[in-house]
Amino acid sequence: MRRAFLAGALVGLTGCAGEPLGYFDTAGPIASSIANLGIGLTAISVAVCVVVALLLAAAIWRRRGAGDAGIQPVNDRQPIRWILAGVALSTVFLVASAVWTLATVQATLPPAHPGLTVDVAGQEWWWAVKYESSDPSRQFTTANQLVIPVGVPVQVNLTSKDVIHSFWIPKLGGKMDMIPSRTNVTWIEADRAGHYRGQCSEFCGLQHANMAFDVLALSPADFQTWWDRQLQPASAPADDPGLTTFMARCAVCHTVRGTDAGGILGPDLSHFGSRSTIAAGLMPNTPANLSNWIDNTQTIKPGAKMPELHMLAGEVADVTAYLEGLH
Amino acid sequence: MAAQVGQLGDGERRKLLAMWETAPGLYGWLATVDHKTIGIRYLCTAFAFLLIGGIEALVMRVQLAQPDLKILSPDAYNQLFSMHGVTMIFLYALPMLSGFSNYLWPLMLGSRDMAFPRLNALSYWLFVFAGIFLYISFPLGQAPNGGWFAYVPNTSRPYDPGINMDVFALGLVFLGISTVVGAVNFIVTLARCRAPGMSVNRLPIIVWGTLTASAANLFAIPAVSLACVMLWLDRRYDTHFFDVAGGGQPLLWQHLFWIFGHPWVYALVLPAMGIVSDALPVFCRRPLVGYTLVAISTVATMALGFGVWVHHMFATGLPVMSLSFFSAASFVIAIPSAVAVFAWIATIWTGRPQFTTPFLFFAGFVMLFVIGGVSGFMTASVAFDWQLTDTYFVVAHLHYVLLGINVFPVIGGIHFWFPKMSGKMMDERLGRWTFWLTFIGFNLAFFPMHITGLMGMPRRIYTYPAVLGVGDLNLLSTVGAFMFAAGILLFLFNVARSLRSGAPAGNNPWDGATLEWSTTSPPPVYNFATIPQVASRHPLWEDRLRESEDRSIFGDGAAHGMLLDKGKETIGVTPLDAEPNVVLKMPGDSLLPLLLSLATTVLFLALLGQFIWVAAAAGVADFAILAMWLAPQPHAASEEVDVHG
C-alpha cells in the first residue's frame with residue numbers, strides 16, 4: 001500500500017506513468033524489489049536534502065543577538081558535539097541502506113532452475129536472440145525482439161560480437177553488460193503481459209542511441225503458440241517477386257529460415273512480419289516505415305552496418321511486401 | 001599585532017626585489033619561475049578550457065533540446081561529448097585547483113616560493129602543451145570520440161581506426177607527466193617550505209586538500225598512464241592487452257581506468273572543499289568549527305577513495321561478493337563528507353554571516369554538495385545502481401559533484417582572492433548577479449536530469465525518441481545551461497571591469513586570518529620581506545581570538561626576523577613541527593622548463609605520427625635538457641644552518 005503510494009508520488013514527480021524506460025513502475029518481481037529499494041533510498045535522499053536545506057537556512061538567517069560583529073574568542077565544544085551527532089545519525093542511515101542493498105542483491109540472485117533460457121548477443125547496433133531448448137529441433141534464432149512467458153523466470157546469457165553493450169529492460173530488471181570474451185548471466189521475469197522496451201546502456205559507438213529492442217510478455221499458452229509458429233519455415237511462394245529480389249539483394253547478410261537466404265551479418269528476418277519494431281527498436285513495424293528504412297538506411301540510422309542499397313522503387317515495394325508477409 | 005614595531009628599510013626591499021624579480025620582456029615572460037605568475041597562468045588557462053568545454057556542452061544541449069533533432073551527426077556528437085569530458089575533467093578541474101594552490105601555498109605557508117620553482121614552470125608548460133595536443137585533431141574532425149572513459153574494445157583499432165583515440169591515449173600520458181611533476185612539487189613544498197612554526201596542525205585546509213590530492217595522484221596517475229600506453233600499443237603495434245582474439249581482457253581497461261578515475265574525482269574536489277573550509281569562515285567572522293575533524297576527513301576520503309572504483313563497474317557481471325564489498329565501501333565514504341557538511345553548517349550557525357559574493361557561492365556550494373552527495377549515495381547501492389547506471393541520473397550526479405563542488409567554490413574563491421592577486425576589488429553587485437544566474441541556471445539545467453534519469457533516459461546518446469517522454473525536461477535543461485553560461489559571461493565581464501577600475505583592495509580587504517593577507521595586494525615577488533613566524537592557525541586573528549599568549553610575527557612586526565638576502569633564498573623546515581633547519585637556495589628564471597616541454601611535445605607528436613626517429617631524437621633532446629637542468633651548480637648548494645639552536 002505504502003509502496004504504491006510512494007511509487008505513485010514518484011511517477012507523479014516524473015511526469016506520467018507511461019515512460020517505457022521508467023523503473024519505478026515495474027512489471028516483474030526483480031525490478032519490483034529493486035524499485036522498492038530505489039524508493040527507499042530516494043526518500044532518504046530527499047529527506048536529507050530537506051533537513052540540510054532547513055539547517056542551512058536556519059544557520060544563515062537565525063536571529064542573532066545584537067553585539068560585536070568582530071572576531072571573538074570561541075569555544076567549539078558544543079558545535080563539535082552537534083557535528084558528531086549528525087555524523088552518527090548519518091552513519092545509522094548509511095549502514096541501514098547498505099544492509100537493505102545487500103538484502104535486495106540476495107533477492108535478485110538467479111533461481112536454480114530457470115523456466116527458459118535465451119542467449120542474447122549484442123552487436124553494432126542490434127541484438128541476436130537465440131532460444132535454447134534441450135530438444136535441438138526446437139531451438140531457433142530471431143533478432144531485436146524478446147518474447148517471454150509471464151510468470152516464468154527467464155535466464156538470459158549475454159555475449160557480445162564486437163564492443164561492449166549492456167542489456168537493460170528497466171521494467172523487468174537491472175542492467176547487465178555484454179562483454180566480448182565473457183558470458184554474463186542475468187535473469188528477468190514479467191508478472192503481466194505486455195510490451196516492454198529494452199535498451200543498450202553502454203556506449204557502443206555511432207548508433208548507441210538507436211540500439212533498442214522490444215520485449216513481449218505473453219501468457220504461457222500464447223508463448224507456446226508463438227514458439228511453435230517460429231519453428232515453422234517461412235511461407236511464401238517460390239515465384240514471389242519479393243523473394244527473388246530479397247535473394248538477390250538481402251540474402252548475403254540476412255537469414256530467412258525455409259529459404260536459401262542464410263546470411264549471418266545482419267539480423268535473422270524469419271517471421272519478420274510478426275515483429276513489432278524494425279531497425280532495433282527504432283520504428284514501429286509498418287510497411288511505410290520498412291520501405292523508408294530500406295530506401296534511406298543511412299539517413300535514418302547513420303553509421304548502421306546496413307549499406308544504402310539503391311534499390312528501384314518497385315524492388316523496395318516487393319521486398320517490403322515479402323518481409324511483412326513473413327508471419 | 002606583534003609587539004615589535006619597526007620598519008624594514010627600503011634598501012633591503014630593493015635588494016630583495018633585484019634578486020627575485022623576473023627579467024622584463026619576452027625572456028622573462030617565458031623563463032619566469034615565480035609561483036604567483038605560474039598560479040595565475042594556471043587559473044587563466046584552465047578557465048579558457050572551461051569556456052571551450054562549456055561551448056561544447058551548449059552545442060550538445062541544443063541537439064538534445066527536443067527528441068529526434070538532427071543538428072549534429074552521431075559522429076560529431078560523440079566527439080563533442082568525449083572532448084567535453086576530457087576538457088572539463090583533465091584540462092579544467094584539476095589545473096584550476098593547481099592554479100589556486102600554486103598561487104596560494106607559499107603565501108599561506110609563509111614561504112617565498114614552491115620547493116622546486118623550475119619544476120613548477122615545467123608542470124605548467126607541460127599542461128598547456130598537453131591540452132593543445134589533446135585538441136590537435138579537433139579541427140580535422142578526428143577528435144577523441146570514445147568518451148573520456150574510453151572503454152575498449154570500442155576504442156581499439158578495429159572499431160575506431162582513425163587517430164582519434166591515439167590522440168587521447170598519448171595526450172593523457174603527456175598530461176600525466178605534468179600532473180605527477182606538480183604533485184611531487186606540492187608534497188615536497190609542504191614538507192620543507194613553510195614558515196617556522198607552521199606545523200601540520202596549523203595548515204589551512206586547502207593545503208590539506210591539495211596535499212591529499214597530490215599524494216593520491218602519485219598512485220593514481222601511473223594506472224591510467226599505463227592503461228593508455230597499453231591501448232596505444234594495442235592500436236598501433238598490434239599488442240593484445242585488451243584484444244580478445246589475442247587473449248586480452250576488456251575488463252582490464254576498466255579496472256585500470258577506474259583505479260585511477262575514482263581517486264581522481266576526489267582530487268578534483270578535496271582542494272575545492274579546502275577553499276570553502278578556509279574562506280567561508282572569514283565571512284562567518286569566526287574560525288572553522290572542527291578543524292581537526294575536517295582535516296582528518298579530507299585524508300580519510302582519499303584513503304577510502306582508493307577502495308571504491310568497482311562502483312563504476314556494478315553492471316559488468318563481477319561476482320556478487322566483490323560487488324557487495326565495493327557497494328558497502330561506497331556507502332562508508334559518505335561519512336567523512338558528512339563531517340565536512342556539518343562542520344560548514346556549524347560554522348555558519350555559530351558565526352555572523354556576511355552576505356558577500358564569495359559567501360553566496362560557498363553557502364550555495366554546501367547545498368549542491370549535499371544534493372550531489374545523496375545522489376552518489378543512491379548510486380552506491382549496487383542493486384539500485386543496476387537501474388541508475390548509464391542513465392541521466394548519473395549525469396546529474398556527476399555534474400552536481402563537479403560543478404557544485406569544483407566550479408562553485410572556484411568562482412567563489414576567485415571573488416575571494418582576486419583582490420590579493422590584482423590589488424583590486426571585484427564588483428559586488430555584478431558578483432551577486434553572477435551567483436544567482438549561475439546557481440539558478442545550474443539547478444535548472446541539472447536537476448531535471450535526475451528525473452530524466454529515473455525515467456530511463458540513457459547517457460551518451462546523440463538523440464532520443466519522443467516516446468521516452470523526456471523532451472520537455474530536456475528543453476528545461478537546455479534553457480538552464482544557457483542561463484548558467486550567461487552567468488559565466490557576466491563573471492568574465494566583472495573580472496575584466498574590476499581589473500581596469502576596481503576599488504583598491506588594500507592588504508586584507510575581507511579581514512582574513514591567514515598569512516597571504518599579511519602581504520601587500522598584489523604581493524611583492526619575494527612574498528615576505530622577512531620570513532614570518534607562525535604561532536597559531538589564525539595568525540592575523542590572534543589578538544582577537546586570544547587562544548594563547550603566543551603571537552605570530554610577520555609584516556612590519558618581523559623587521560628583525562630572518563631577511564635571507566644573500567641570494568634567492570627561503571627557509572627550509574622540518575616536515576612535522578616546522579622547525580627551521582636549512583636555508584634553501586632558490587633557482588632563478590630559466591628557459592629549461594619551456595625547452596623541456598617543447599622537446600616533450602615534439603616527442604609526443606612524433607609518437608602520434610609514428611615517426612620513430614623523430615621521437616628518438618626528441619627523447620635524446622629531453623635527456624640533454626635534463627642533464628643541463630641537473631648539472632651541479634656549486635653556488636646553489638643549500639647551507640645547513642642551526643637556526644633554532
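1. The bounds of a domain, as the word is used in this note, come from an automatic or database domain assignment. With that in mind, chain B of this predicted model is divided into domain 1, which covers 31-514, and domain 2, which covers 600-632.

2. Between the C-alpha centres of domain 1 of chain B and domain 2 of chain B there is a separation of 31 Å. The two domains nevertheless touch, and to their contact domain 1 of chain B brings nine residues while domain 2 of chain B brings six residues.

3. On the side of domain 1 of chain B that touches domain 2 of chain B, at least two residues come from each of α5 (117-134) and α6 (164-192) of chain B. The most is given by α6(B), which supplies four residues to that side. By character, the residues of this side of domain 1 of chain B comprise seven nonpolar and two charged, with no polar ones.

4. Turning to the two chains, the contact between them involves 76 residues of chain A and 75 residues of chain B. On the side of chain A that touches chain B, the elements giving two or more residues are the helices α2 (29-61) and α3 (77-107) together with the strand β7 (176-178), each of them in chain A.

5. Which element gives the most to the side of chain A that touches chain B? That element is α3(A), with 15 residues. Taken by character, the residues on this side of chain A divide into 42 that are nonpolar, 26 that are polar and eight that are charged.

Technical notes: Residues are numbered from 1 along each chain as its sequence is written. Chains are lettered from A and ligands numbered from 1 in the order in which they are written. This is a predicted model: local features need pLDDT of at least 70, side-chain atom pairs count only at pLDDT 80 or more; totals for chains, interfaces and linings use all residues. Two residues are in contact if their C-beta atoms, placed from the backbone, lie within 7 Å. Ala, Val, Leu, Ile, Met, Phe, Trp, Tyr, Cys and Pro count as nonpolar, Asp, Glu, Lys and Arg as charged, and the others, Gly among them, as polar.
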